[in-house]
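Visitor: Could you take me through one part of this protein up close? I'd like to see how the pieces pack against each other, and then hear what else turns up along the way.

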Amino acid sequence: MEIRIDDAFENEQFAELAFRFAPVGLVVTENRTIRDCNAAFAGMFGYRQDDLRKQIFAILYPSDEEFVNIRDRGVKQLRETNRYWDERIMARKDGTLFWCRVRGHSFTPDDPLARAVWSFADLSAERPYSPLTRREREILSYLSDGLTSKEIALKLDISHRTVEVYRAKLLRKFGVNNTSGLFHSMGGIDGDHVVSASGPS
């Protein structure tokens, strides 16, 4: 829907102006479906706004598996405080992956994902995406949940030793000595806010 700037100012439609022209991606969702988004959000992912309306959020993730793993993140915190944020890997229309900071506010705190508004910020300039295999991303996701190697092994039905091997590979890949350093190298934030779940190898 077109909006005339002069008319919007004259009629004091500032909320509409703010949504349409905010320099950060904004999206209104209902049960994980995109009801509307601004130009910055659509452009960030390489789509037209009309192409995203009525789409399920899964199309913006590297894989359906990653969407399933991440989709309920923040529900508990939104229910308790109605504030949530994390940093996660998203996928553009052309398939390229990038880090994105996500913040959310629910209009229905008792059922947080029923109706909500989200902001998305592209972090590519400050944190280029480093390719990870599907298994590395799974393990990184569980590490960010605070799981131990033994707990991760049970989740993935692999040996504790295999998890340790992957963890060591991740530390080498990012040039750090421990899990805290791993999350720090991915943005200088606490692991609780890093979401990097399973995706294609």
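Guide: Let's start with helix 7 and helix 9, which are roughly perpendicular to each other. This is a predicted model, so read everything here as computed from it. Helix 7 covers residues 134–144, and its axis sits 10 Å from that of helix 9, at an angle of about 95 degrees. On the helix 7 side, the contact is made by Arg 135, Glu 136, Ile 139, Leu 140 and Leu 143. Helix 9 answers with Val 163, Tyr 166, Arg 167, Lys 169, Leu 170 and Lys 173. Sort those residues by class and you get six nonpolar, five charged and no polar ones.

Helix 9 has another partner, too. Helix 8 (residues 149–156) and helix 9 (residues 160–174) have axes that come within 8 Å and cross at roughly 110 degrees. Angles of 65 to 115 degrees count as roughly perpendicular, so helix 8 is roughly perpendicular to helix 9. From helix 8, the residues in this contact are Ser 149, Lys 150, Ile 152 and Ala 153. From helix 9, they are His 160, Val 163, Glu 164 and Arg 167. The class count here is three nonpolar, two polar and three charged residues. Look for Val 163 and Arg 167 on screen: they appear in the contact with helix 7, and they appear again in the contact with helix 8.

While you have helix 9 in view, pick out Thr 162, which is found in that helix. Thr 162 counts as partly exposed, at 29% relative accessibility. If you want a feel for distance, try Leu 97: its C-alpha atom is 26 Å from that of Thr 162, and the two residues are 65 apart along the chain.

Now over to strand 4, where Trp 99 lies. Trp 99 counts as buried, at 4% relative accessibility. From the C-alpha atom of Trp 99 to that of Gly 175 is 19 Å, with their places 76 residues apart along the chain.

Carry on past strand 4 (97–106) into the loop before strand 5, and you find Leu 113. With a relative accessible area of 11%, Leu 113 is buried. Leaving out neighbours within four places in sequence, Leu 113 is in contact with Glu 30, Asn 31, Arg 32, Arg 71, Asp 72, Val 75 and Trp 118. Asn 11 is another story: its C-alpha atom is 32 Å from that of Leu 113, for two residues 102 apart along the chain.

Leu 113 also brings us to some empty space. The structure holds one cavity of 30 Å³ or more. The largest cavity has a volume of about 200 Å³. Its lining is made of 13 residues, and those nearest the centre are Phe 57, Arg 71, Arg 88, Leu 113 and Trp 118. Helix 5 (64–70) and strand 5 (115–122) are the elements that give two or more residues to this lining. By class, the lining has eight nonpolar, one polar and four charged residues. Two of the residues nearest the centre, Arg 71 and Trp 118, are also contacts of Leu 113.

Next, have a look at Val 28 in strand 1 (residues 25–30). Val 28 is partly exposed, with a relative accessible area of 27%. Beyond its neighbours within four places in sequence, the contacts of Val 28 are Phe 19, Thr 33, Ile 34, Arg 35, Asp 36, Ala 116 and Val 117. Val 28 and Ser 119 are 91 residues apart along the chain, yet their C-alpha atoms are separated by 9.1 Å.

Last, a pair of backbone oddities to check by eye. Glu 12 has a positive phi of about 55 degrees although it is not a glycine. You'll find Glu 12 in the loop between helix 1 (5–10) and helix 2 (14–21). Asn 82, again a residue other than glycine, has a positive phi near 55 degrees. Asn 82 lies in the loop between helix 6 (75–81) and strand 3 (84–91). Their surroundings part ways: Glu 12 is exposed, with a relative accessible area of 59%, whereas Asn 82 is buried, at 15%.

Notes. Residues are numbered from 1 along each chain as its sequence is written. This is a predicted model: local features need pLDDT of at least 70, side-chain atom pairs count only at pLDDT 80 or more; totals for chains, interfaces and linings use all residues. Side-chain values use heavy atoms; hydrogens and water are left out. Axes are lines fitted to C-alpha atoms, for helices over the stretch in contact, and angles run from 0 to 180 degrees between N-to-C directions. Helices (H or I, at least four residues) and strands (E, at least two) are DSSP runs, numbered from the N terminus. Angles under 35 degrees count as roughly parallel, over 145 as roughly antiparallel, 65 to 115 as roughly perpendicular and the rest as oblique. Contact means heavy atoms within 4.5 Å. Ala, Val, Leu, Ile, Met, Phe, Trp, Tyr, Cys and Pro count as nonpolar, Asp, Glu, Lys and Arg as charged, and the others, Gly among them, as polar. Buried means under 20% relative accessible area, exposed over 50%, partly exposed in between (1.4 Å probe, protein chains only). On a 1 Å grid over the protein atoms alone, a cavity is a set of points where a 1.4 Å probe fits but cannot get out, and a pocket is an open set with protein on both sides within 12 Å along at least five of seven lines; lining residues have an atom within 4 Å of a point. Grid points are joined across faces, edges and corners, and a volume is the space filled by probe spheres set on the points.
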